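This report looks at how the inside of one protein chain is packed and how one of its sheets is put together. The chain is shown below.

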Amino acid sequence: MTKTTYILAGGNDRQVADYGSRLGEEIAKHVTNPKILSCFYSQREETWEEKAEDWHDWFSQNFSWPFSYDYTRLDTLLDQIDQADVIYFHGGDTQLLLSKLPNTETLQKHFSGKIVIGSSAGANMLARHFWSSSRSVYGEGKGLLDISIMVHYGATKIGDSQRTAEDWEQQEKQFASMVNMPIAQLPEGQFSVYKKG
């Protein structure tokens, strides 16, 4: 099986100035002139087209090399993934995203050899275990990566709620008591790269 590159990001990526250039450098290590596919399943369907236009502009501003761009529809997801080089699962509602995707085995097959980016809810989806930063509860993703993650780690504000460093430490301890593996902390605007296959 060809190796798949997974990039997990902490969320609110575009608010960190150099996130785009760093992500572009990472993608350029693996593919030239990529076909980039955005998945906004974690958001309301009526917003997808507008979000796609917004993200296409962002990619154009941050990536210096030629690329093509599209976004997933519900009825053509797997065909679109097969045609893409880079699939970007954007943030939003993790449960909404999980509810719209096929099973882990199907995703793994179609992701083979590609670059799969998950930010916030997208990262939660790819992980085996995640801590919902907005709901402060444990959750289970698709398990494409056998890891436990906390996105938005260290953020001082999640939605309308303020967070302190002590809050995060307490929640990490609570999360650690539920999983028997190390927890990957993913601060906003940061990403970690994993290879699998």
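## Nonpolar cores

In this predicted model, the largest nonpolar core has 49 residues, and the members that touch the most others are Leu-8, Leu-23, Ile-27, Phe-89, Phe-111 and Ile-149. Helix α2, which covers residues 48-62, gives the most to this core, namely five residues. A second core is separate and has nine residues, among them Tyr-153, Trp-168, Phe-175 and Val-179. In soluble globular proteins, nonpolar side chains tend to be buried together.

## Contacts of Ile-149

Which residues is Ile-149 in contact with, leaving aside its neighbours within four places in sequence? They are Leu-8, Ala-123, Asn-124, Ala-127, His-129, Phe-130, Trp-131, Phe-175, Ala-184 and Leu-186. Of these contacts of Ile-149, Leu-8 is also named among the residues that touch the most other members of the largest core, while Phe-175 belongs to the second core.

## The four-stranded sheet

An open sheet is built from four strands in the order β7-β6-β8-β11, with mixed pairing. The edge strands are β7 (137-140) and β11 (183-186); each has a single partner strand, so one side of each is left without a neighbour in the sheet. From one strand to the next, the twist averages 25 degrees.

Strand β8 (residues 145-151) pairs with β11 in the parallel sense, over four bridges. Val-151 has Leu-186 in β11 as its bridge partner.

## A helix across the sheet

Helix α7 (residues 165-176) lies across β6 (127-132), β7, β8 and β11. Relative to β8, helix α7 runs at about 155 degrees.

Notes
Residues are numbered from 1 along each chain as its sequence is written. This is a predicted model: local features need pLDDT of at least 70, side-chain atom pairs count only at pLDDT 80 or more; totals for chains, interfaces and linings use all residues. Side-chain values use heavy atoms; hydrogens and water are left out. A nonpolar core is a set of buried Ala, Val, Leu, Ile, Met, Phe, Trp, Tyr and Cys residues joined through side-chain atoms within 4.5 Å. Buried means under 20% relative accessible area, exposed over 50%, partly exposed in between (1.4 Å probe, protein chains only). Helices (H or I, at least four residues) and strands (E, at least two) are DSSP runs, numbered from the N terminus. Contact means heavy atoms within 4.5 Å. Two strands pair if DSSP finds at least two bridges between them. Axes are lines fitted to C-alpha atoms, for helices over the stretch in contact, and angles run from 0 to 180 degrees between N-to-C directions.
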